[in-house]
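Hi,

Here's the structure I said I'd pass along. Have a look at it first, and my notes on the aromatic rings come right after.

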Amino acid sequence: MILSKYFWFFKKAVPDRICENIKKYGLSQQPQVAITGNEKGKVPKTKEGFKQLHKQRNSDIVWLDETWIYKEIQPYVHIANKDAGWNFQWDFSEPAQFTIYKKGQHYSWHADSWNKPYDNPNDPDKYGKIRKITTVLILSDPEDYEGGALEFNFGNLDPAKKQNTLIPKEVGAKGTIIVFPSHVSHRVQPVTKGVRYSMPTWHLGYPFR
């Protein structure tokens, strides 16, 4: 899909107080190991399984499904969707994913969308829909960590064949919301010092026609 804009951002859109409330709430919950779609929702049971998982993704997460969090994020999805010229149909937000990246943790190249819609008819809010728009809320001050940069590439899924775009920490300051189509390939580089907190959320709609 060729687009004129592949990401949009709102610098320091969410007040520091709200960011701290989200972080405090996330840290008060029991974290779980972040997995990928390849694991089909299950944490690996063997050392080799964890080794393979951590080559692709290594972080800890907490799922947040709170109305007050959606109220902070969703208005910016509507604005970016219009101003970036995407005009994607969407009508539902998945639970937000409070994500913790400690030293050495990362998420390699991936896209958030899948090759088919959600297929569980017992989950009517998601059934038949796909991830169309991703938001990432930055919850850490730039001086709190080193490394951990968000990086995009806008070609196919072969990193060797695309022009990469790094999101500077100045853009990704605490409270910044970064918005992009869920099929866009991206990664979080390894954190080399400190802890990086962020909160991705996915916004769903029926498949493109």
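Below is what turned up around the aromatic side chains.

One caveat up front: this is a predicted model. The count comes to 8 aromatic pairs. Among them is Phe-7 with Phe-152, a stacked pair with 5.2 Å centre to centre and 15 degrees between the planes. That pair ties together distant parts of the chain, 145 residues apart: Phe-7 sits in the segment before strand E1 (8–10), and Phe-152 belongs to strand E10 (residues 150–153). Burial is uneven here: Phe-152 is buried at a relative accessible area of 0%, while Phe-7 is partly exposed at 22%.

Another pair is Phe-10 with Tyr-76. Their ring centres are 4.9 Å apart with the planes at 55 degrees, so this one counts as tilted; the angle falls short of edge-to-face, because that label needs over 60 degrees. Again distant parts of the chain are linked, with Phe-10 in strand E1 and Tyr-76 in helix H3 (residues 67–83), 66 residues apart. Phe-10 is buried, with 14% relative accessible area, whereas Tyr-76 is partly exposed at 21%. Those two values fall on either side of the cut-off, since buried means under 20%.

Back to Phe-7 and Phe-152 for a moment: together with Phe-180 they form one aromatic cluster.

And which charged residues lie over a ring face? Arg-131 does so over Trp-202, at 4.0 Å from the ring centre, and Lys-132 lies over the face of Phe-208, at 4.5 Å from the ring centre.

Cheers

Note on methods. Residues numbered from 1 in each chain as written. Predicted model: local features only at pLDDT ≥ 70, side-chain atom pairs only at ≥ 80, totals over all residues. Heavy atoms only, no water. Phe/Tyr/Trp six-rings, centres within 6.5 Å; stacked < 30°, edge-to-face > 60°. Helix = DSSP H or I, 4+ residues; strand = E, 2+ residues; numbered from the N terminus. Buried < 20%, exposed > 50% of the residue type's maximum accessible area, 1.4 Å probe, protein only. Lys NZ or Arg CZ within 6 Å of the ring centre and 35° of its normal.
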